[in-house]
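Please open the structure in your viewer and set it to a cartoon representation. The tour below proceeds by selections, each followed by what is to be found there.

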Amino acid sequence: MNDITMMKLFPVPVFTAVESDFDHLRSDILEYIRDYRDTYDSEKISNIGGYQSASDIHQDIDFKNNCDRLWDIISPIAQHIGDLFAEHGYPSTTLTLANMWFNVNGKGNSNVEHTHPHCFYSGVIWIKAKPGMGGLSMKSPHEHSLYGMVDTLWTAEPEEGRVMLFPSFLPHSVAANPTDEERISISFNLHVTVPL
Ligand SMILES: [Fe+2]
């Protein structure tokens, strides 16, 4: 018999990039978050403790400028994903912003495992965070059959200005923040439109 070959078929495409020119946007977003928290109570969705805004800040006129600048960071990745569709015979595929919210997790606060139903891609950009403040873990959709054979959990450490974009069906969670500093991120979902 010849050597056994393992073919890793059907990978899960996850995209990431870092915005290097981030300081000004970061301070403007933190100012918005400070004012927002003074006005509204926290949502309770996937968060265990901490503060999570409503998922419509992209429609808040007071956030519009920040949202536009965030989209300047996100849209090249969304365009890149659309270009991949074009390579496979689906030109002019577009990804659009569905919703957006922010997360503030203090010491001991986390997000339980979840998915984002009815969306195409989901993403996060870390606004105020650093490695060691609780990572974003993604679980393999093949965990059941491949458990114990391959790694089925992958973790990204927080990094200010880093964007992660992953398929919305992928189960993910965020570890508790073990530090005394607040970990702040913006999350969002994208819809897809594929011209037929
Ligand atoms: Fe999520």
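Select Ile-125 and then Val-163 in strand 9, which is its bridge partner. In this predicted model, strand 6 and strand 9 pair in the antiparallel sense over five bridges.

Widen the selection to the whole sheet. Six strands form an open sheet in the order 1-9-6-11-4-3, and their pairing is antiparallel. Strand 1 (15-18) and strand 3 (51-52) stand at the edges with a single partner strand each, so one side of each has no neighbour in the sheet.

Next, add helix 1. This helix lies across strand 3, strand 4, strand 6 and strand 11, and runs at about 95° to strand 6. Helix 2 also packs on the sheet, where it touches strand 1, strand 4, strand 6, strand 9 and strand 11. The direction of helix 2 makes about 130° with that of strand 4.

Now select helix 2 alone, residues 64-87. At 1.5 Å a residue, its 24 residues should span 34 Å, and the end C-alpha atoms are 33 Å apart, which agrees. Centre on Ile-74, where helix 2 bends by about 40°; Pro-76 follows within four residues.

Which residues of helix 2 are buried? They are Asn-66, Cys-67, Leu-70, Ile-74 and Ala-78. An α-helix has 3.6 residues a turn, so residues three or four places apart point the same way. The cover over the buried residues of helix 2 includes helix 1 (23-39), strand 4 (94-105), strand 6 (121-128), strand 9 (162-167) and strand 11 (183-193).

Finally, select Gly-89, just after helix 2, which takes a positive phi of about 95°.

Terms used: Residues numbered from 1 in each chain as written. Predicted model: local features only at pLDDT ≥ 70, side-chain atom pairs only at ≥ 80, totals over all residues. Helix = DSSP H or I, 4+ residues; strand = E, 2+ residues; numbered from the N terminus. Expected span 1.5 Å × (residues − 1). Bend = angle between axes of the 7 residues up to and from the residue. Buried ≥ 20, exposed ≤ 12 C-beta atoms within 10 Å, placed from the backbone. Contact = placed C-beta atoms within 7 Å. Pairing = 2+ DSSP bridges. Axes fitted to C-alpha atoms, helices over the stretch in contact; angles between N-to-C directions.
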